[in-house]
Amino acid sequence: MARDFSVAVVGATGAVGRTMIRVLEERDFPVREVRFLASERSEGKELLFRGEKICVQRLDHNSFDGVDIAIFSAGAERSLIFAPSAARAGAVVVDNSSAWRMDPEVPLVVPEVNPHAISGYKTKGIIANPNCSTIQMVVALKPLYDCARIRRIVVSTYQAVSGSGQKAITELEEQVRAWVDGRSSEPRVYPHQIAFNCLPQIDIFQENGYTREEMKMVNETRKIMEDPEIRVTATTVRVPVFYSHSEAVNVEFEKKISASEARELLSAAPGVKVVDDPLHSIYPLALDAAGQDLVFVGRIREDISQANGLDLWVVADNIRKGAATNAVQIAEVLAERYL
Ligand code: NAP
C-alpha cells in the first residue's frame, strides 16, 4: 500500500469497535490518523491505539472531515443517519450494521468470496459488511459452490451472546453468577434467561414466521454468492456461549461432491481451516475459534438422505471474522486497489 489513511472507527467503545481497533493494529493497517467516535456517554473516554491514548469523540455530522475510511459499528440507526454524512465528506464507509446490506447500490462483501464487488462502492460511498452468521457460512461454502453449484442450504445456528453486544456478554456473566449463588436474575437483553438455555429467537419475528436474523441469512447469502436461485432455510438459536457462532449446515449440490473432495477443496480455500478427525473427537469448537480469524470446518460427511448432499459443522469468532476482521479485510482491498 502506497499511502497512509485517516480512519474513523464509529462505535469504537462497543464489542465490535474495540476488536476493530485491535485488528487494525494487528494487521498493521496503514493508519495516518485515527478517530474514535461513540455516543455522548463515552465522550472524553480514552482508548489505546498503538500505545497512544486516543480520546473518544461524540459522533455528529461533522465527525468525518478529512477521513478516508469510516468503519461503522454503532447500530443500524446510526449508520442510516451518519454513513451518508461520512460519504458526503469524502470518506468510504465500511458498515457493520444491517442498514445498507440489501441496498442494490451498496456492495455486500466477504473478501474470500466476492472481493470484486467492492468496486461498486463508488455509487453511494458505502460498502456493507454482512451479518456474522452469513459471513462464516459463505466462506465455507464458496469453494464447494465453485465446484458443484449449490441448490439448497438448510442451516441451524448456535450463536454466541457477544453477537448482541457488550450488554449481552455482561448479562450471561451475571446470570451464571446468580444461578451459582442461588439468586434469581431478570433477563434484560433477551426475552428469557440465556444462562443454561437455548433461545430459538434472534431478532424479531417476521410475517412469514422466520426471524429477521434468519431472513438475513437467506437474502445475504444470495447477494454475496451472486446467485438468486439458491434456496436457503435457517433456524437461528442463541446459546450460552460468549464468543464464536457454530452452525450445522446441510447443503444440496447440483452434482455429487464426495466428503474427501470437499475436505480437499476446503483445505486449499482462503480463510478456512479444516478440523476434522472425529474418531479422535477433533472438530471445530467455539472455545478454540474464539480470538481467531479463520472459519473452522469439520464433521464433513455425505448426507445419507439425498444424492448430492453434504453436512458440515462451521465455527468462527463472530466478533472477529463475523465483524471486525472482515471489515478490516474489506478496507485492505479498498486501500490496495481503489484509493
Ligand atoms: P455494542 O457492544 O452494544 O456497541 C455499540 C456501539 O455503538 C458503542 O460504541 C456505542 O457507544 C455506540 N453507540 C450507540 N448509540 C450511539 C449513538 N447514539 N451515537 C454514537 N454511537 C452510539 O454493540 P456491538 O456488538 O459492538 O455491535 C455494533 C454494531 O455491529 C451493530 O450494528 C451490530 O449489528 C453490528 N455487528 C455486531 C456483531 C457482533 O457479533 N457483535 C457482528 C456483526 C455486526 P457508547 O459506548 O458510547 O454507548
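Which residue has a polar side-chain atom 2.6 Å from an oxygen atom of the ligand? Select serine 39.

This is a predicted model, in which local features need pLDDT of at least 70, side-chain atom pairs count only at pLDDT 80 or more, and totals for chains, interfaces and linings use all residues. Residues are numbered from 1 along each chain as its sequence is written, and side-chain values use heavy atoms, with hydrogens and water left out.

**The ligand**

Stay on the ligand and show its polar contacts (pairs of N or O atoms within 3.5 Å). At valine 16, a polar backbone atom is 2.8 Å from a ligand oxygen. Go to serine 162 next: a backbone N or O atom there lies 2.9 Å from a nitrogen atom of the ligand. On its own the ligand has 900 Å² of accessible area (Shrake-Rupley method, 1.4 Å probe), and the protein covers 79% of that. Now colour α1 (15–26) and α8 (320–337), the elements that give two or more residues to the shell. Helices here are DSSP runs of H or I, at least four residues, numbered from the N terminus.

Select the whole shell, meaning residues with a heavy atom within 4 Å of the ligand. It holds 26 residues, with Thr13, Val16, Ser39, Arg41 and Ser42 the closest. Nine are nonpolar, 15 polar and two charged; glycine counts as polar.

**The two domains**

Colour domain 1 (5–129 + 323–337) and domain 2 (133–318) separately. These bounds come from an automatic or database domain assignment. Each domain gives at least three residues to the ligand shell. Their C-alpha centres lie 25 Å apart.

Next, select the contacts between them (heavy atoms within 4.5 Å). Here 19 residues of domain 1 meet 17 of domain 2.

Terms used
A polar contact is a pair of N or O atoms within 3.5 Å; within protein, one must be able to donate a hydrogen and the other to accept it, and residues adjacent in sequence count only if both atoms are side-chain atoms.
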